[in-house]
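Hi,

Here is the structure I promised to send over. Have a look at it first, and my notes follow underneath.

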Amino acid sequence: MSVEVMEEEWLYSEEQVRALLEWVRGQEGVERSVYPFMRVVAEQALRPGEARGLRVSDVVFPERGLGKLTVSYSGKARVVPLRSQSVEFLRAWISEAGLREDDLLFPDLRGRSASTPVYQRVWAQAQEAVLPRDERYSWRLGEPIFILRESCLVKWLAMGTSPFTVAELAGVTPSWLALRYPHCFRVEDAEIYWDRLEAIMGLPESLKS
């Protein structure tokens, strides 16, 4: 399985993601679904294409506890839990936008799926406006919006979330995560007890001669 490695320096920190989304939210003249769309991609680690296809009926608002978001990709569906903050945000967004059960969750002005060129243009403008123009970050300008999903997945792994859980939430395999984000699986300071390992792996005395 060939997977392109995504090293740590390519990813955005929580502070950078927050600043980028705040910039998008504050822009006048931007289609109103662009910010909610980007926020859900960033918080739930969705593929942009998955978020574009979501409908209001895919969101479950609970009486209490976690909400649920049913996401489909390549003909397979998975359920992503929604924290209370995300539930409140989506509930308010659906009400504000006047969306009905069968409507797309993030429609454009004509009720169709969010336009890739539209949100990608806004995203590029946000990066230009927010990211520092120095040697470390300037080469990252123009990074596709997919980086929001990537950064969220790495954040979950860094928090100590089981790779099996992260893989299930993201719709990938644990091995894909290890190949994609090897820096999350490096154990540089691990202590190996060689004497004990040798004792365990060694041959019985009867087989040594």
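Is Arg25 buried, partly exposed or exposed? Arg25 comes out as partly exposed, because its relative accessibility is 48%, which falls between the 20% and 50% cut-offs. Before you read too much into any side chain, keep in mind that this is a predicted model.

Arg25 is a handy place to start, as its side chain forms a salt bridge with that of Glu22, at 2.8 Å from N to O. Both partners sit in helix 1 (residues 14–25), three residues apart, or about one turn of the helix. Glu22 is partly exposed too, with a relative accessibility of 38%.

Now the overall picture. The protein has ten helices and three strands, and along the sequence they run α-α-α-β-β-β-α-α-α-α-α-α-α. There are 209 residues, and 38% of them count as buried. Among contacts with a separation of 6 or more, 64% are between residues 24 or more positions apart. The accessible surface is about 12,900 Å², with carbon and sulfur atoms contributing 51% of it.

Back to the charged pairs. Searching the whole structure turns up seven salt bridges, and besides the one in helix 1, two others caught my eye.

One is Glu50 with Arg78, whose side chains meet at 2.9 Å, N to O. Glu50 belongs to helix 3 (residues 48–52) and Arg78 to strand 3 (residues 76–82), so this salt bridge ties together parts that are 28 residues apart in sequence. Glu50 and Arg78 are both buried.

The other is Glu150 with Arg180, where the N to O distance is 2.4 Å. Here the link runs from helix to helix: Glu150 is in helix 6 (residues 146–158) and Arg180 in helix 8 (residues 174–180), so the pair ties together parts 30 residues apart in sequence. How buried are the two ends? Glu150 has a relative accessible area of just 3% and is buried. Arg180, at 12% relative accessibility, counts as buried as well, because the cut-off for buried is under 20%.

One last thing to look at on screen: Arg47, Glu50 and Arg78 are joined into one network by salt bridges that share partners. If you are colouring by charge, that trio goes well alongside the Glu150 and Arg180 pair, whose side chains also meet in a salt bridge.

Cheers

Notes
Residues numbered from 1 in each chain as written. Predicted model: local features only at pLDDT ≥ 70, side-chain atom pairs only at ≥ 80, totals over all residues. Heavy atoms only, no water. Helix = DSSP H or I, 4+ residues; strand = E, 2+ residues; numbered from the N terminus. Buried < 20%, exposed > 50% of the residue type's maximum accessible area, 1.4 Å probe, protein only. Contact = heavy atoms within 4.5 Å. Areas by Shrake-Rupley, 256 points an atom, 1.4 Å probe, with all protein chains shown as cover. Salt bridge = Lys/Arg side-chain N within 4 Å of Asp/Glu carboxyl O.
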